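Me: I have a few questions about how terms are applied to a structure. Please answer each one from the values.

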Amino acid sequence: MLAPNMLLFAGNSNIPLAKKIADCLNVPLSQAMVSKFEDGEVRVQYSESIQGKDIILLQSTSAPQDTHLMELLLLADAACRGFVRSITAIVPYLGYARQDKCVETKQVPISAKLIAKLLKVSGIERLVTINLHSDQIQGFFEIPVHNLYGHLLFVEDVILQQKKKGAENFVVVSPDSGGMTRAAAFAEKVNNIDVAFINKKRPLPNTVKVLDVVGDVQNKDCILIDDIIDTGGTLIAAAEALKKLGANRVMAYCVHPVLSGLAVEKIAHSMLDELVVADTIILSEQAKNSKKIRQFSVAPIISDIILEIARKESKTFLDVPVQRVSESQYNPTELQYG
Ligand code: R5P
């Protein structure tokens, strides 16, 4: 149960996930109008009383990123003006996080830092997110950030496959050097198997060239671990390189299914045998119907953190042990479509 003072509101980015979270917590989603004025400006208004409440705002800043970001900022601003007690933003996928450094000589922004500033000035006091593009982005925020480890969702699925074929026949692969820590952490959780990595280069934005593969992948089932799949270029090029080196099967486990442009179609015709994603971003109908794509829900892990927050914020929860949703009725749920 949620503390009675807590209200859960959602922007328009991922209503199905917001409903699943509300179901896990056994509470209704509270009502707010989140729409647009005639000229396209975002318009929000809470439909129920929020004064004195602890507000939780659920919103991924996925495409259309600018609208979804603005919905979140305006919901926070309206909450401040409605004299709420606290505002927590739960942003399962934080957009604009990949521009997180100034590359020498290039005159570019650090959008991740700007987003951190915007969330704070809008009145958000705490951020919960999943698999930030890089851990150090947390340092851009001057509010507490809970960066949940989304790949935990996939551990059971991989272990199940290892039981059939033997863990020694699997290797975890990072599709780039930057993802090595993430991949190594996952390998540890799935029977401590070996880790390989790919040395990749981006000659131009959104294009990928594999330079070489470091590690033994021959006759192995490869588990590619990445935070985001966007155009698919990284994972498709990785699968091709791994198969050329004699890999048996190549599966990718990615938390955030950005899947822009022709990604789903390209994956269908690629050497990638399977793509497993979370529901931090809504899948298109084409992706839902793809035979190669499977999806798990992050609702249980988000519900757990909401319960933790509720326990800390409400005196009535102090002496009550929290039953973790993810360990009870909601063990990793694979989503079914059609
Ligand atoms: C890069 O650093 C990220 O971790 C992903 O590998 C990248 O964003 C994936 O993009 P795409 O699917 O367009 O290659």
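Me: What makes the pair formed by an oxygen atom of the ligand and an N or O atom in the side chain of D226 a polar contact?

Reply: The model is predicted, and in it the two atoms are 2.6 Å apart. The cut-off for a polar contact is 3.5 Å between N or O atoms, so this pair counts as one. The side chain of D227 also has an N or O atom 2.6 Å from an oxygen atom of the ligand. For the side chain of T234 the corresponding distance is 2.5 Å. The protein covers 91% of the 380 Å² of accessible area that the ligand has on its own.

Me: Which elements give two or more residues to the shell around the ligand?

Reply: They are β11, residues 221-229, and α6, residues 233-244. The largest share, 4 residues, comes from β11. By class, the shell holds 7 charged, 5 polar and 2 nonpolar residues.

Me: Why are α2 and α3 called roughly parallel?

Reply: Helix α2 (residues 65-81) packs against helix α3 (residues 111-121) at an angle of about 30°. Angles under 35 degrees count as roughly parallel, and therefore α2 and α3 are given that name. Their axes are 9 Å apart.

Me: Which residues of α2 and α3 meet, and what are their classes?

Reply: From α2 come L69, L72 and L73, which meet I115, L118 and L119 of α3. Leu and Ile count as nonpolar, so the contact divides into 6 nonpolar, no polar and no charged residues.

Conventions
Residues numbered from 1 in each chain as written. Predicted model: local features only at pLDDT ≥ 70, side-chain atom pairs only at ≥ 80, totals over all residues. Heavy atoms only, no water. Polar contact = N/O pair within 3.5 Å; in protein donor to acceptor, adjacent residues only side chain to side chain. Areas by Shrake-Rupley, 256 points an atom, 1.4 Å probe, with all protein chains shown as cover. Axes fitted to C-alpha atoms, helices over the stretch in contact; angles between N-to-C directions. Parallel < 35°, antiparallel > 145°, perpendicular 65-115°, else oblique. Contact = heavy atoms within 4.5 Å.
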